Amino acid sequence: MYTCRDASEHMTEMREGALSGWLRLWHRLHVAICPHCRACNRQFDETVKLAGEIPAEPAPERMVESALSAFRGRGERSE
């Protein structure tokens, strides 16, 4: 039986066209009859849409240097 957990695990692959044959059919049937998974799909669609609207701006040099410094220091402490 195809469950909500299965549907959520395959959501991205379905959108990318990576599900084949029976798995794609089971996914589509489950989402068609499950209101919770339909809502989850709508939320996923909205998230993808909103993420695509975020401008891709480079991080300020200060922020990059600060992050790199923190990561370097973290590695030295664990040795």
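**Salt bridges and a helix crossing**

User: Which side chain meets Glu53 in a salt bridge?
Analyst: This is a predicted model. A salt bridge needs a side-chain nitrogen within 4 Å of a carboxyl oxygen. Here the N to O distance is 3.7 Å, so the pair fits that cut-off. The partner of Glu53 is Lys49.

User: Is Lys49 buried, exposed or partly exposed?
Analyst: Buried means under 20% relative accessible area, and exposed means over 50%. Lys49 has 47%, so it falls in between. Lys49 is partly exposed.

User: How many salt bridges does a search of the whole structure find?
Analyst: One of them joins Glu53 and Lys49. Arg15 and Asp45 also meet in a salt bridge, at 2.6 Å from N to O. The search of the whole structure finds two.

User: How many residues apart are Arg15 and Asp45, the salt-bridge pair?
Analyst: Arg15 lies in helix H1, residues 4-16. Asp45 lies in helix H3, residues 35-52. The pair links distant parts of the chain, and its separation in residues is 30.

User: At what angle do the axes of H1 and H3 cross?
Analyst: Two packed helices are described by an angle and a distance between their axes. The axes of H1 and H3 come within 11 Å. Their crossing is right-handed. The angle is roughly 35°.

User: How many residues of the contact of H1 with H3 are nonpolar?
Analyst: H1 brings residues including Met11 and Arg15. H3 brings residues including Phe44 and Asp45. Two contact residues are polar and two are charged. The nonpolar count is six.

Definitions and conventions:
Residues are numbered from 1 along each chain as its sequence is written. This is a predicted model: local features need pLDDT of at least 70, side-chain atom pairs count only at pLDDT 80 or more; totals for chains, interfaces and linings use all residues. Side-chain values use heavy atoms; hydrogens and water are left out. Helices (H or I, at least four residues) and strands (E, at least two) are DSSP runs, numbered from the N terminus. Buried means under 20% relative accessible area, exposed over 50%, partly exposed in between (1.4 Å probe, protein chains only). Axes are lines fitted to C-alpha atoms, for helices over the stretch in contact, and angles run from 0 to 180 degrees between N-to-C directions. A crossing is left-handed if the near helix is turned anticlockwise from the far one by less than a right angle, and right-handed if clockwise. Contact means heavy atoms within 4.5 Å. Ala, Val, Leu, Ile, Met, Phe, Trp, Tyr, Cys and Pro count as nonpolar, Asp, Glu, Lys and Arg as charged, and the others, Gly among them, as polar.
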